[in-house]
Amino acid sequence: MRFRFTKLGKVRWTSHRDLAHMWERAFRRVQLPLAYTQGFSPRPKVSFGLALPTGAESVAEYLDVELAPERAPSPDAASPARLTPALPTGIDVVASTELADGGESLQEAVTSSGWTIDAAGAGHEELRCLVERALAADSIVIARERKGRTADEDVRCAILSCSVDGTLLDCELAAHPRTLRPSELLRAIDPGPATRLEAVAVRRTHQWIERDGAKWEPLPLDAPGAPHAPDLAGADGVRAS
């Protein structure tokens, strides 16, 4: 099964590992029969979409789970209305669907993400000029760290689009061959010795799959059975632990 969910408010500071534990507890609460890996320490077969930076919000997160074939879940066990109360406040399940066997993983399928980034350190006009200069460049090289090593990489091709509204950036950033993070985008836009730009607030708005010029979401909000979208202002506090 595939679930689409939000991550808003204080829960945005939750790490990816802790988020996975929250989901596992929620599945136990609603008695959803998950399939498990083999071996000495079995783990539920759960896979997330692209990792979300700690501190960023999102209205477009995805999770795939494999159910135990020998145990049929109750009719409403995997419904958004049943799962959302079992999760912390700010994590709302907004759509779910069954998947066919043998499809691509979310990590493989998603080709880009949409972001809004509220940037501090430059006014609207200066920010607009920085973005225009970046989009006009043939190459933008920044230092990126991977597996404890730092290397210079050209990230221009990963900036698929970027527009400015006040100090808010609305961007689409590529996920392959390597995901460009919002913090790296700001360094690419202002590539001096120490960038002046700082992200005040970051929100992922979409994850996109593109094939042969067509683009779609892994699970749109208008999918059958999807409830109304939640209040995107988010809420603080905890619904379940």
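So, the hairpin: β8 and β9 form one, with two residues between them, and in that turn Gly166 has a positive phi of about 65°. Keep in mind that this is a predicted model, where local features need pLDDT of at least 70, side-chain atom pairs count only at pLDDT 80 or more, and totals for chains, interfaces and linings use all residues. Residues are numbered from 1 along each chain as its sequence is written, and side-chain values use heavy atoms, with hydrogens and water left out.

Back to the hairpin. Strand β8 covers residues 159-165 and β9 covers 168-174; the two run antiparallel and six bridges join them. When I say strand or helix, I mean DSSP runs numbered from the N terminus: helices are H or I with at least four residues, strands are E with at least two. Two strands pair if DSSP finds at least two bridges between them. Across the hairpin, Val164 stands opposite Leu169 in β9.

Now the cysteines, since somebody always asks. How many disulfides are there? The count comes to zero, where a disulfide is a pair of cysteine sulfur atoms within 2.5 Å. Cys162 is in no disulfide, and its nearest cysteine sulfur, in Cys171, is 3.1 Å away. Why no bond for Cys171? Because its closest cysteine sulfur, in Cys162, sits 3.1 Å off, and that is too far. Are these two buried or exposed? Cys162 counts as buried at 12% relative accessibility, and Cys171 counts as buried too, at 3%. For the record, buried means under 20% relative accessible area, exposed means over 50%, and partly exposed is in between, with a 1.4 Å probe and protein chains only.

Then there's Cys129, in helix α4, residues 124-136. That one is partly exposed, with a relative accessible area of 39%. Cys129 also brings us back to Val164 from the hairpin: the two are 35 residues apart in sequence and 9.6 Å apart in space, C-alpha to C-alpha.

Next, some backbone oddities. Most residues other than glycine have a negative phi, and most peptide bonds are trans. Here are a few that go the other way. Just past the hairpin, the peptide bond from His176 to Pro177 is cis, with omega near 5°, and Pro177 is found in the loop between β9 and α5. Gln31 has a positive phi, near 60°, and isn't a glycine. Where is Gln31? In the loop between α1 and β2, the strand at 46-48, and Gln31 is exposed, at 61% relative accessible area. Asp212 is another non-glycine with a positive phi, about 55°. Asp212 lies in the loop between β10 and β11, which is 214-216, and is exposed at 85%.

A loop residue with a contact to look at: Thr84, between α2 (80-83) and β4 (93-97). Thr84 is buried, with a relative accessible area of 13%. Its side chain reaches the backbone nitrogen of Val93 at 3.0 Å. A polar contact here is a pair of N or O atoms within 3.5 Å; within protein, one must be able to donate a hydrogen and the other to accept it, and residues adjacent in sequence count only if both atoms are side-chain atoms.

Last bit: the spaces. These come from a 1 Å grid over the protein atoms alone: a cavity is a set of points where a 1.4 Å probe fits but cannot get out, a pocket is an open set with protein on both sides within 12 Å along at least five of seven lines, and lining residues have an atom within 4 Å of a point. Grid points are joined across faces, edges and corners, and volume is the space filled by probe spheres set on the points.

The second largest pocket has a volume of about 290 Å³. Of its 15 lining residues, the closest to the centre are Gly55, Ala56, Ala199, Ala201 and Val202. Which strand gives the most to that lining? β10, with five residues. Both α5 (182-189) and β10 (198-211) supply at least two.

As for cavities, the count comes to one of 30 Å³ or more. The largest cavity holds about 70 Å³ of space. Its lining includes Phe5, His16, Phe48 and Glu61, and β1 (2-7) and α1 (16-29) each supply at least two of the lining residues.
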